[in-house]
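Please look through the sequence and the model shown below before reading on. The report then takes up a sheet, a chain as a whole, and some individual residues.

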Amino acid sequence: MGIVSPGFSGRRRSKANLPPGQYLVHDFPVLSAGPTPRAGLDGWEFRITTEAGRVHAWDWAAFRELPAEDITVDLHCVTKWSKLGTSWRGVSMDTLMDGVETSAGFALARAVGDYTANLPLADLLDGKAWIAFRYDGADLEPEHGGPARLLVPHLYLWKSAKWVRGVELLDHDEPGFWESLGYHNYGDPWREQRYWGD
Amino acid sequence: MARAAVLGRLSWLVARLADIRDETAAARTLILEVPGWPGHLPGQHIDVRLTAEDGYSTQRSYSIASAPSGSRLELTIQRLDDGEVSPYLACVLSRGDPLELRGPVGGYFAWHPGDPVPVLLIGGGSGVVPLMAMVRTRIASGSQAPMRLIYSTRSRDTLLYAAELECIAAAGDGVSVDVVYTRSAPPGYGGRTGRLDEDRLAALAGQRDTGVACYVCGPTGFVESIANLLTSQGMDPRQVRTERFGPSGGN
Amino acid sequence: MTDMWTDGNSLGGPLREVFSADITAAIGRCTGCGRTGQLAEGRVFDHSAGVVLRCPGCGQPLLRMVRGSGRTWLDLRGLEYIEITSPG
């Protein structure tokens, strides 16, 4: 740890009732590993590809016809900030997976560009994940992953791929963009699983 | 051509704030004493690390504003109202307080005082800071390399180093200074008010000898725009070195 | 809204924790498009879980870095080589 800087406190933060090592923020930091995609809705598509190669796809119109739900969740970013009680509207992954035949154990979320995030398929089901398209009462802005992002609040936020375009169902685990370079393969904030070996 | 010098690991040094100089209403120069300072080239920057009592810490990079001068270092901090670090450095840090920093960093955006090649410096807002280090070094070192500074700022109220730049311009010793006011110009200003656009840049940058070394620094949008204009006006991209301060020009 | 990137100069400090040379002035070649340039000219996205330096031509990651719990991970697969000049 460095020397203490007299009189420095940084942005407002508190420990509240948070996962270990996190602090509470009231703004919504924008993090990204690459440029913000600004393609319109015309070419937008969400695909689920099974381990057998079967593709289930929705364009924006079809996606928006699916039943959606309003949810309020806490967000925990591996860079240590947490934001509680965030409101989203999205289509549950259970809805999207309904009718998809698979025996795969793993999933890889793919976004515009080169970003990917992996997680067990079970962590996308049973009310644990959504494809979210509205945040805090408005259309999801590009900076926060709009038009639609994956939202998996029980894991660190890097798993909730912004600008998501699909999920691949796999028989084997395939580490994603950050999981292949030191970040924990699973990423449970309550067990502080930030890095390999944690 | 800047070389990637083999230097040795960088470590954090503890500097002390020796003195303060107010530049404008929102900018202040910190004069630091840095025991163990290895010296620097103008254009290089340092990383500053602040740590709160609960262990929370954050880092920012700041360009060195001063010419090399033993263990003394100057940083010019622009206070951003919603910044996390700049309000601390510009308003809270007091004489005698410690400040952790490491450097110097950066062999790409640096000027060697021994280099005789003419230099064109173009800075937007606080992007003028590393360029000012180059100007100050050119003067202190006795270099005769022709140097031209084009400095774009909103108004006289935001102009950094006003008095010093006036002296340098008047001295006529091979360093020329042109200030471009983008919002409002002071009374008596001869030029047009407005952005540094294609025509203005061509007029101010003058004829470019082959071999002029150009340094452009400021907010990302400014640097992108100027760098593109320079290359479209015939400058070889390899002659242009850039340093971007991010979308807001720092925090 | 401008994208949250800055240029490769900002990687100077963090990379000096790993290398004893100033890598930002080193020359590299992108495996994606073949562009050659100094790493300081790349685009750095460091408001992120880690740091990504992208090729200013094709956007491919040239270098990625993650630091945490006492370790640093570095991925240089986007660079065909890095050329560092020694002084003198």
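In what order do the five strands of the open sheet in chain C stand? In this predicted model, the order is E1-E4-E5-E6-E7, and the pairing within the sheet is antiparallel. Strand E1 (6-7) and strand E7 (71-75) of chain C lie at the edges with a single partner strand each, so one side of each has no neighbour in the sheet. The partner of E1(C) is strand E4 (residues 43-45) of chain C, to which E1(C) is joined by two bridges in an antiparallel arrangement. One residue pair can be named here, since C:Asp7 has C:Arg43 in E4(C) as its bridge partner. In general, the strands of a sheet pair through backbone hydrogen bonds, which may be parallel or antiparallel.

Chain A can be described as a whole. It contains two helices and eleven strands, which follow one another from the N terminus as β-β-β-α-β-β-α-β-β-β-β-β-β. The radius of gyration of chain A is 17 Å, close to the 16 Å given by the globule rule for 198 residues, so the chain is as compact as a globular protein of that length. Along the principal axes, the C-alpha atoms of chain A fill a box of roughly 60 × 40 × 30 Å. Of the 198 residues in chain A, 52% count as buried, and among the chain's contacts with a separation of 6 or more, 63% are between residues 24 or more positions apart. The accessible surface of chain A comes to about 8600 Å², and carbon and sulfur atoms contribute 49% of it.

Some backbone angles in chains A and B deserve separate mention, and they are listed here with their places.

| Residue or bond | Angle | Place |
|---|---|---|
| A:Gly146 and A:Pro147, cis peptide bond | omega about 15 degrees | A:Pro147: loop between strand E9 (138-139) and strand E10 (149-151) of chain A |
| B:Gly103 and B:Pro104, cis peptide bond | omega about 0 degrees | B:Pro104: strand E6 (residues 98-105) of chain B |
| A:Asp126, not a glycine | positive phi of about 60 degrees | loop between strand E7 (116-120) and strand E8 (130-135) of chain A |
| A:Glu192, not a glycine | positive phi of about 45 degrees | segment after strand E11 (164-170) of chain A |

A:Asp126 counts as exposed, with a relative accessibility of 65%, while A:Glu192 counts as partly exposed at 29%.

B:Thr51, which belongs to strand E3 (residues 45-51) of chain B, is buried, with a relative accessible area of 1%. Leaving aside residues up to four places away in sequence, B:Thr51 touches residues including A:Met1, A:Phe8, B:Tyr56 and B:Glu100.

Terms used
Residues are numbered from 1 along each chain as its sequence is written. Chains are lettered from A and ligands numbered from 1 in the order in which they are written. This is a predicted model: local features need pLDDT of at least 70, side-chain atom pairs count only at pLDDT 80 or more; totals for chains, interfaces and linings use all residues. Side-chain values use heavy atoms; hydrogens and water are left out. Helices (H or I, at least four residues) and strands (E, at least two) are DSSP runs, numbered from the N terminus. The radius of gyration is taken over C-alpha atoms; the globule rule is 2.2 Å times the number of residues to the power 0.38. Buried means under 20% relative accessible area, exposed over 50%, partly exposed in between (1.4 Å probe, protein chains only). Contact means heavy atoms within 4.5 Å. Accessible areas come from the Shrake-Rupley method with a 1.4 Å probe; for residues, only the protein chains shown count as cover. Two strands pair if DSSP finds at least two bridges between them.
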